[in-house]
Amino acid sequence: MALPNVIMIELGKSGRGRVDFAVQRLTSLQLDQVSELVELIDRVKQKTIRLADATAQIDRILAKPPRFNSVW
């Protein structure tokens, strides 16, 4: 699940529920970055991308400048 201010990722399958939280850096993701991250997570789950490549892709997503200037 991904929302503008929350990202929840399920790892593995288990009969018991477990939730863990991580503190986000003092940055926020733009909605287009969230979309790209969700697509990347799908590729990782489907094993169509190597983890090292996924890590590099995450760095690229986080480094993207805003699509619109602050006036928009």
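**Exercise 1. A leucine in a helix**

Is Leu-37 buried or exposed, and what is its relative accessible area?

*Solution.* Before we start, please note that this is a predicted model: local features need pLDDT of at least 70, side-chain atom pairs count only at pLDDT 80 or more, and totals for chains, interfaces and linings use all residues. Residues are numbered from 1 along each chain as its sequence is written, and side-chain values use heavy atoms, with hydrogens and water left out.

Step 1: Recall the cut-offs. Buried means under 20% relative accessible area, exposed means over 50%, and partly exposed is in between (1.4 Å probe, protein chains only).

Step 2: Apply them. The relative accessible area of Leu-37 is 17%, so this residue is buried.

Step 3: Place the residue. Leu-37 sits in helix H1. Helices (H or I, at least four residues) and strands (E, at least two) are DSSP runs, numbered from the N terminus.

Step 4: Look across the chain. Ile-58 is 21 residues away from Leu-37 in sequence, yet their C-alpha atoms are separated by 7.2 Å.

**Exercise 2. Getting to know helix H1**

Work out whether the span of H1 agrees with its number of residues, then find buried residues along this helix.

*Solution.* Step 1: The expected span of a helix is 1.5 Å times one less than its number of residues. For the 15 residues of H1 this gives 21 Å, and the end C-alpha atoms are 21 Å apart, so the two agree.

Step 2: The buried residues in H1 include Val-34, Leu-37 and Leu-40. An α-helix has 3.6 residues a turn, so residues three or four places apart point the same way.

Step 3: Polar and charged residues appear among the buried ones too: Asp-32, Gln-33 and Glu-36 are buried in H1.

**Exercise 3. A network of salt bridges**

Find how many salt bridges the whole structure has, and trace those that involve Lys-64 and Arg-60.

*Solution.* Step 1: A salt bridge is a side-chain nitrogen of Lys or Arg within 4 Å of a carboxyl oxygen of Asp or Glu. A search of the whole structure turns up 4 of them.

Step 2: Begin with Lys-64 and Asp-32, whose side chains form a salt bridge at 3.3 Å, N to O. Lys-64 lies in the segment after helix H2 (51–63) and Asp-32 in helix H1 (residues 31–45), so this pair ties together parts that are 32 residues apart in sequence. Asp-32 is buried at 15% relative accessible area, while Lys-64 is partly exposed at 23%.

Step 3: Go on to Arg-60, which makes a salt bridge with Glu-36, with the closest N and O atoms 2.7 Å apart. Because Arg-60 lies in helix H2 and Glu-36 in helix H1, the pair joins parts 24 residues apart in sequence. Arg-60 is partly exposed, at 40% relative accessibility.

Step 4: Lys-64 also forms a salt bridge with Glu-36, the closest N and O atoms being 2.5 Å apart. This pair links the segment after H2 with helix H1, 28 residues apart.

Step 5: Put the pieces together. Through shared partners, salt bridges join Asp-32, Glu-36, Arg-60 and Lys-64 into one network.

Step 6: Check the contacts of Asp-32. A contact means heavy atoms within 4.5 Å. Leaving aside neighbours within four places in sequence, Asp-32 is in contact with Lys-64 and Arg-67.

**Exercise 4. An unusual lysine**

What is the sign of phi for Lys-47, and where is this residue placed?

*Solution.* Step 1: Lys-47 has a positive phi of about 60°, although it is not a glycine. Most residues other than glycine have a negative phi.

Step 2: Lys-47 is in the loop between H1 and H2. At 74% relative accessibility, Lys-47 counts as exposed.

**Exercise 5. The whole protein**

Describe the order of the elements and say which of them has the highest mean pLDDT.

*Solution.* Step 1: The protein has 2 helices and 2 strands, and from the N terminus on they run β-β-α-α.

Step 2: pLDDT is the predictor's confidence in each residue, from 0 to 100. The protein averages 78, and 62% of the residues score at least 70.

Step 3: Among the elements, H2 has the highest mean pLDDT (92) and strand E1 (residues 2–3) the lowest (52). Where pLDDT is low, the predicted coordinates should not be read in detail.

Step 4: Finish with burial: 12% of the 72 residues count as buried.
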